[in-house]
Amino acid sequence: GKYTISVYFSSNPVCFLEDDMVIQYYPEIQAATPETNEVCGDPTQPYTFDLTQNDAAILAPLVPQYVYTTEYFTSLTQLQQGYPGMDYPATFQGTNGQTIYVRITNNNTYCTTYRQFQLSILDCNVPLNQPALMHACEPQPYDSYEIFDLTAQNDAMLSSLADPSLYSVSYHHSQADANSGDNPITSPATY
(Lines give C-alpha, C1' and ligand atoms only; values in the text may rest on other atoms or scores of the structure.)
Protein backbone atom coordinates (compact mmCIF):
# COMPACT_ATOMS: atom_id res chain seq x y z
CA GLY A 1 0.00 0.00 0.00
CA LYS A 2 0.91 3.66 -0.30
CA TYR A 3 1.68 5.58 2.90
CA THR A 4 2.44 9.23 3.62
CA ILE A 5 5.07 10.18 6.16
CA SER A 6 5.01 13.66 7.77
CA VAL A 7 7.88 14.97 9.89
CA TYR A 8 7.34 18.10 12.03
CA PHE A 9 10.15 20.06 13.58
CA SER A 10 9.54 20.58 17.30
CA SER A 11 11.27 23.98 17.19
CA ASN A 12 9.02 25.18 14.34
CA PRO A 13 5.73 23.16 14.08
CA VAL A 14 4.60 24.95 10.93
CA CYS A 15 7.70 23.66 9.13
CA PHE A 16 7.39 20.06 8.11
CA LEU A 17 8.42 17.56 5.45
CA GLU A 18 6.12 15.10 3.83
CA ASP A 19 6.76 12.18 1.49
CA ASP A 20 5.02 9.08 0.18
CA MET A 21 6.32 5.58 0.24
CA VAL A 22 5.04 2.27 -1.07
CA ILE A 23 5.21 -0.83 1.08
CA GLN A 24 4.83 -4.10 -0.80
CA TYR A 25 4.35 -7.50 0.71
CA TYR A 26 5.90 -10.54 -0.94
CA PRO A 27 5.18 -14.06 0.27
CA GLU A 28 7.97 -16.01 1.91
CA ILE A 29 10.15 -18.03 -0.45
CA GLN A 30 9.05 -21.66 -0.14
CA ALA A 31 12.39 -23.33 -0.91
CA ALA A 32 12.72 -27.03 -0.19
CA THR A 33 14.95 -28.50 2.50
CA PRO A 34 18.31 -29.58 1.07
CA GLU A 35 19.63 -33.09 1.56
CA THR A 36 22.72 -34.07 3.50
CA ASN A 37 25.68 -34.27 1.09
CA GLU A 38 27.12 -37.77 1.59
CA VAL A 39 30.34 -39.10 0.12
CA CYS A 40 32.57 -42.08 0.78
CA GLY A 41 36.00 -41.36 2.20
CA ASP A 42 38.02 -41.04 5.39
CA PRO A 43 35.74 -39.26 7.90
CA THR A 44 38.80 -37.81 9.68
CA GLN A 45 40.01 -35.97 6.55
CA PRO A 46 38.55 -33.07 4.52
CA TYR A 47 36.81 -33.92 1.26
CA THR A 48 35.91 -31.91 -1.85
CA PHE A 49 32.12 -31.50 -2.02
CA ASP A 50 29.99 -30.07 -4.82
CA LEU A 51 27.50 -28.07 -2.75
CA THR A 52 25.62 -27.00 -5.88
CA GLN A 53 24.27 -30.56 -6.19
CA ASN A 54 21.58 -29.37 -3.76
CA ASP A 55 20.43 -26.51 -6.03
CA ALA A 56 17.86 -28.60 -7.93
CA ALA A 57 16.30 -29.96 -4.73
CA ILE A 58 16.22 -26.54 -3.01
CA LEU A 59 14.71 -24.74 -6.00
CA ALA A 60 12.31 -27.54 -7.06
CA PRO A 61 9.13 -25.97 -5.60
CA LEU A 62 9.95 -22.46 -6.88
CA VAL A 63 8.43 -21.23 -10.15
CA PRO A 64 10.02 -19.91 -12.25
CA GLN A 65 13.35 -21.22 -10.96
CA TYR A 66 15.50 -18.92 -13.11
CA VAL A 67 14.62 -15.86 -10.97
CA TYR A 68 16.26 -17.45 -7.91
CA THR A 69 19.92 -17.74 -7.00
CA THR A 70 21.65 -19.73 -4.29
CA GLU A 71 24.72 -18.76 -2.29
CA TYR A 72 26.55 -21.05 0.15
CA PHE A 73 28.10 -20.16 3.53
CA THR A 74 29.92 -21.83 6.38
CA SER A 75 28.64 -19.24 8.85
CA LEU A 76 25.02 -18.32 9.59
CA THR A 77 26.21 -14.90 10.80
CA GLN A 78 27.86 -14.11 7.44
CA LEU A 79 24.70 -15.20 5.61
CA GLN A 80 22.45 -13.03 7.80
CA GLN A 81 24.74 -9.99 7.61
CA GLY A 82 24.63 -9.97 3.81
CA TYR A 83 28.14 -11.12 3.04
CA PRO A 84 28.63 -12.67 -0.41
CA GLY A 85 28.56 -16.45 -0.63
CA MET A 86 31.61 -18.65 -1.16
CA ASP A 87 33.45 -18.28 -4.45
CA TYR A 88 33.63 -21.95 -5.49
CA PRO A 89 30.80 -23.98 -3.94
CA ALA A 90 31.25 -26.74 -6.55
CA THR A 91 34.73 -27.53 -5.17
CA PHE A 92 34.34 -26.88 -1.44
CA GLN A 93 36.77 -28.53 1.00
CA GLY A 94 34.48 -29.65 3.83
CA THR A 95 34.68 -31.86 6.87
CA ASN A 96 32.47 -34.60 8.26
CA GLY A 97 29.50 -33.15 10.16
CA GLN A 98 30.06 -29.57 8.95
CA THR A 99 26.94 -27.42 8.62
CA ILE A 100 26.47 -25.50 5.39
CA TYR A 101 24.01 -22.63 5.03
CA VAL A 102 22.42 -21.63 1.73
CA ARG A 103 20.79 -18.27 1.02
CA ILE A 104 18.06 -18.33 -1.63
CA THR A 105 17.33 -14.95 -3.26
CA ASN A 106 14.47 -13.95 -5.53
CA ASN A 107 16.24 -11.67 -8.00
CA ASN A 108 13.00 -9.80 -8.85
CA THR A 109 11.93 -8.94 -5.29
CA TYR A 110 15.31 -9.29 -3.51
CA CYS A 111 13.57 -11.31 -0.82
CA THR A 112 15.74 -14.00 0.76
CA THR A 113 15.41 -17.06 2.89
CA TYR A 114 17.90 -19.66 4.01
CA ARG A 115 18.21 -23.37 4.57
CA GLN A 116 20.95 -25.53 6.05
CA PHE A 117 22.32 -29.03 5.57
CA GLN A 118 25.15 -31.24 6.77
CA LEU A 119 28.20 -32.69 5.08
CA SER A 120 28.77 -36.36 5.77
CA ILE A 121 31.89 -38.38 4.94
CA LEU A 122 31.08 -42.06 5.29
CA ASP A 123 33.65 -44.79 5.76
CA CYS A 124 32.58 -47.00 2.88
CA ASN A 125 35.38 -49.54 3.25
CA VAL A 126 33.03 -52.35 4.19
CA PRO A 127 34.90 -55.59 4.96
CA LEU A 128 33.11 -58.06 2.69
CA ASN A 129 33.94 -61.72 2.30
CA GLN A 130 35.09 -62.74 -1.17
CA PRO A 131 32.14 -64.28 -3.05
CA ALA A 132 32.42 -67.91 -4.01
CA LEU A 133 32.95 -68.87 -7.63
CA MET A 134 29.65 -69.64 -9.33
CA HIS A 135 29.43 -72.37 -11.94
CA ALA A 136 26.79 -74.43 -13.68
CA CYS A 137 26.77 -77.68 -15.57
CA GLU A 138 24.98 -76.87 -18.76
CA PRO A 139 22.33 -79.27 -19.97
CA GLN A 140 21.76 -79.97 -23.62
CA PRO A 141 21.36 -78.28 -26.14
CA TYR A 142 24.58 -76.54 -24.98
CA ASP A 143 23.71 -72.97 -25.94
CA SER A 144 26.37 -71.42 -23.62
CA TYR A 145 23.70 -69.62 -21.59
CA GLU A 146 22.61 -70.40 -18.07
CA ILE A 147 20.63 -68.47 -15.44
CA PHE A 148 22.45 -67.60 -12.20
CA ASP A 149 21.02 -66.31 -8.92
CA LEU A 150 23.62 -63.72 -7.97
CA THR A 151 21.72 -62.89 -4.78
CA ALA A 152 22.66 -66.33 -3.43
CA GLN A 153 26.06 -64.70 -2.67
CA ASN A 154 24.62 -61.99 -0.40
CA ASP A 155 24.56 -63.86 2.93
CA ALA A 156 28.11 -65.19 2.55
CA MET A 157 29.53 -61.78 1.54
CA LEU A 158 27.81 -59.93 4.40
CA SER A 159 28.36 -62.54 7.12
CA SER A 160 31.41 -60.75 8.59
CA LEU A 161 29.40 -57.57 9.28
CA ALA A 162 27.95 -56.85 12.71
CA ASP A 163 24.52 -56.00 11.27
CA PRO A 164 24.09 -57.08 7.64
CA SER A 165 20.56 -55.63 7.58
CA LEU A 166 22.11 -52.13 7.41
CA TYR A 167 23.45 -52.85 3.92
CA SER A 168 22.01 -53.47 0.50
CA VAL A 169 23.80 -55.30 -2.29
CA SER A 170 23.73 -54.45 -5.97
CA TYR A 171 25.44 -56.21 -8.87
CA HIS A 172 27.06 -54.51 -11.89
CA HIS A 173 28.81 -55.46 -15.13
CA SER A 174 31.91 -53.37 -14.39
CA GLN A 175 33.96 -52.21 -11.40
CA ALA A 176 33.46 -48.58 -12.48
CA ASP A 177 29.66 -48.98 -12.39
CA ALA A 178 29.88 -50.74 -9.01
CA ASN A 179 31.99 -47.90 -7.57
CA SER A 180 29.58 -45.24 -8.80
CA GLY A 181 26.38 -47.23 -8.21
CA ASP A 182 25.41 -46.77 -11.86
CA ASN A 183 23.69 -49.33 -14.08
CA PRO A 184 22.89 -52.07 -11.56
CA ILE A 185 21.81 -55.44 -12.93
CA THR A 186 18.02 -55.19 -12.74
CA SER A 187 17.26 -58.89 -12.09
CA PRO A 188 20.21 -60.34 -10.18
CA ALA A 189 18.18 -63.33 -9.00
CA THR A 190 17.68 -64.45 -12.61
CA TYR A 191 20.85 -63.26 -14.30
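**Core**

I started with the largest nonpolar core of this predicted model. I find 18 residues in that core, and L51 and I104 have the most contacts inside it. I then looked up which elements feed the core: α1 (55–59), β5 (68–73), β7 (99–106) and β8 (112–122) each supply at least two of its residues. A general reminder to myself: in soluble globular proteins, nonpolar side chains tend to be buried together.

Next I listed the partners of L51, setting aside neighbours within four places in sequence. L51 touches N37, Y72, M86, P89, A90, F92, I100, F117 and L119.

**Sheet**

I traced an open sheet of four strands and wrote down its order as β3-β8-β7-β5, with mixed pairing. Which strands sit at the edges? They are β3 and β5, and each of them pairs on one side only. Ignoring direction, I get an average turn of 25° between neighbouring strands of the sheet.

I also checked how β7 and β8 are joined: they run antiparallel, with seven bridges between them. One pairing I noted there is T105 with T112, its bridge partner in β8. For the record, strands of a sheet pair through backbone hydrogen bonds, either parallel or antiparallel.

**Two polar residues in β7**

I wanted to know where the side chains of R103 and N106 go. R103 is in strand β7. Is R103 buried or exposed? I count R103 as buried, because its relative accessibility is 9% and the cut-off for buried is under 20%. A polar atom of the R103 side chain lies 2.7 Å from the backbone oxygen of L79.

N106 is also placed in strand β7, and N106 is buried too, at a relative accessible area of 10%. A polar atom of its side chain lies 3.2 Å from the backbone nitrogen of T109. Leaving out neighbours within four places in sequence, I have N106 in contact with I29, V67, Y68 and C111.

**Disulfide and other cysteines**

How many disulfides does the structure hold? I find one, and it joins C40 to C124 with an S to S distance of 1.9 Å. The torsion about this S-S bond is about -75°, so I log the disulfide as left-handed. C40 lies in strand β3 (residues 37–40) and C124 in the loop between β8 and α3, so the pair ties together parts that are 84 residues apart in sequence.

I looked up accessibility for both partners. C40 is partly exposed at 46% relative accessibility, and C124 is partly exposed with a relative accessible area of 32%. I took down two further cysteines as well: C15 is partly exposed at 34% relative accessibility, while C137 is exposed, with a relative accessible area of 73%.

**V126**

My last stop was V126, found in the loop between β8 and α3 (154–158). I have V126 as partly exposed, because its relative accessibility is 28%, and partly exposed covers what falls between under 20% and over 50%. Which residues does V126 touch, once neighbours within four places in sequence are left aside? I find L161 and Y167. V126 and L161 are 35 residues apart along the chain, and I get 8.1 Å between their C-alpha atoms.

Conventions:
Residues numbered from 1 in each chain as written. Predicted model: local features only at pLDDT ≥ 70, side-chain atom pairs only at ≥ 80, totals over all residues. Heavy atoms only, no water. Core = buried A, V, L, I, M, F, W, Y, C linked by side-chain atoms within 4.5 Å. Buried < 20%, exposed > 50% of the residue type's maximum accessible area, 1.4 Å probe, protein only. Contact = heavy atoms within 4.5 Å. Disulfide = S-S within 2.5 Å. Polar contact = N/O pair within 3.5 Å; in protein donor to acceptor, adjacent residues only side chain to side chain. Pairing = 2+ DSSP bridges. Axes fitted to C-alpha atoms, helices over the stretch in contact; angles between N-to-C directions.
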